[in-house]
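Work through the exercises below with the structure open beside you. Try each task before you read its solution.

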Amino acid sequence: MQSNYQKQGKTAAIVAYITIIGTIIAFFMNQDSKNQFTSFHIRQALGINIGFYLLGALVSIFDSWAISSAFYIFIFVLWVFGIITAFKEEQKAAPILGPHFQKWFNFIK
């Protein structure tokens with residue numbers, strides 16, 4: 001039964017990782033069902049997207065390809081991890097920041 005519950009929210013969970021627009025769409029897709037699996041991935045995706053913009057602004061101060069490359073690789077790894085776990089119907093928090101995303105965005109139910 002747990003797997004069936006996760007399958008019901010799988011599409012919205014995957015959509016959440018497709019840019020900030022996908023996160024917003026997934027949020028509204030999840031309003032009727034309030035699927036906890038989807039909510040978990042919406043919080044993760046929102047954190048990754050906001051982190052991308054905030055860290056991107058910080059990284060732009062430095063004029064270094066090494067810093068920029070490390071930033072993009074870090075965000076890409078978080079994004080790939082999130083989308084793979086959503087596809088596999090797992091609720092694993094993203095490395096390093098994932099548990100914080102769950103606390104910071106706990107208003108998403």
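The exercises that follow deal with a predicted model.

**Exercise 1. Helix 2 against helix 3**

Task: Find how helix 2 and helix 3 are oriented to each other, and which residues make the contact.

Solution:
- Step 1. Two packed helices are described by the angle between their axes and the distance between the axes.
- Step 2. Locate the pair. Helix 2 covers residues 19-29, and helix 3 covers residues 36-59.
- Step 3. Take the two values. The packing angle is about 155°, and the axes are 9 Å apart.
- Step 4. Name the orientation. Angles over 145 degrees count as roughly antiparallel, so helix 2 is roughly antiparallel to helix 3.
- Step 5. Add the handedness. Helix 2 and helix 3 cross in a left-handed way.
- Step 6. List the contact. Helix 2 gives Thr19, Ile20, Thr23, Ala26 and Phe27. Helix 3 gives Ile42, Ala45, Leu46, Asn49 and Tyr53.
- Step 7. Sort these residues. Seven are nonpolar, three are polar and none is charged.

**Exercise 2. A polar residue in that contact**

Task: Decide whether Asn49 is buried or exposed, and find its side-chain partner.

Solution:
- Step 1. Place the residue. Asn49 belongs to helix 3.
- Step 2. Check the accessibility. Buried means under 20% relative accessible area. Asn49 has 11%, so it counts as buried.
- Step 3. Find the partner. The side chains of Asn49 and Thr23 are joined by a polar contact of 2.9 Å.
- Step 4. Look around. With neighbours within four places in sequence set aside, Asn49 is in contact with Ala16, Thr19, Ile20 and Thr23.

**Exercise 3. Helix 3 against helix 4**

Task: Describe how helix 3 and helix 4 cross, and sort the residues of their contact.

Solution:
- Step 1. Take the values. The axes of helix 3 and helix 4 come within 11 Å and cross at roughly 175°.
- Step 2. Name the orientation. The two helices are therefore roughly antiparallel to each other.
- Step 3. Look at the helix 3 side. Phe37, His41, Ile48, Gly51, Phe52, Leu55, Gly56 and Val59 take part.
- Step 4. Look at the helix 4 side. Among the residues there are Phe71, Phe74, Ile75, Leu78, Trp79 and Gly82.
- Step 5. Sort the contact of helix 3 with helix 4. It has 13 nonpolar residues, six polar ones and no charged ones.

**Exercise 4. A residue within helix 3**

Task: State whether Ile48 is buried or exposed, and which residues it contacts.

Solution:
- Step 1. Ile48 sits in helix 3.
- Step 2. Its relative accessibility is 4%, so Ile48 counts as buried.
- Step 3. Leave out its neighbours within four places in sequence. Ile48 is then in contact with Tyr17, Ile75, Leu78, Trp79 and Phe101.
- Step 4. Set sequence against space. Ile48 and Asp63 are 15 residues apart in sequence, and their C-alpha atoms are 23 Å apart.

**Exercise 5. Helix 5 and Gln102**

Task: Find which side chain has a polar contact with that of Gln102.

Solution:
- Step 1. Gln102 is in helix 5, residues 98-104.
- Step 2. At 17% relative accessibility, Gln102 counts as buried.
- Step 3. The partner is Arg43: the two side chains make a polar contact of 2.6 Å.
- Step 4. Beyond neighbours within four places in sequence, Gln102 contacts Phe40, Arg43 and Gln44.

**Exercise 6. Two loop residues**

Task: Describe the phi angle and the exposure of Lys34, then do likewise for Ile96.

Solution:
- Step 1. Recall the usual case. Most residues other than glycine have a negative phi.
- Step 2. Take Lys34. Its phi is positive, about 50°, although it is not a glycine. Lys34 is in the loop between helix 2 and helix 3.
- Step 3. Check its exposure. At 37% relative accessibility, Lys34 counts as partly exposed.
- Step 4. Find its contact. The side chain of Lys34 makes a polar contact of 3.3 Å with the side chain of Gln31.
- Step 5. Take Ile96. Its phi is positive too, near 70°. Ile96 is in the loop between helix 4 and helix 5.
- Step 6. Check its exposure. At 64% relative accessibility, Ile96 counts as exposed.

Note on methods
Residues numbered from 1 in each chain as written. Predicted model: local features only at pLDDT ≥ 70, side-chain atom pairs only at ≥ 80, totals over all residues. Heavy atoms only, no water. Axes fitted to C-alpha atoms, helices over the stretch in contact; angles between N-to-C directions. Helix = DSSP H or I, 4+ residues; strand = E, 2+ residues; numbered from the N terminus. Parallel < 35°, antiparallel > 145°, perpendicular 65-115°, else oblique. Left-handed = near helix turned anticlockwise from the far one by under 90°. Contact = heavy atoms within 4.5 Å. Nonpolar A, V, L, I, M, F, W, Y, C, P; charged D, E, K, R; others polar. Buried < 20%, exposed > 50% of the residue type's maximum accessible area, 1.4 Å probe, protein only. Polar contact = N/O pair within 3.5 Å; in protein donor to acceptor, adjacent residues only side chain to side chain.
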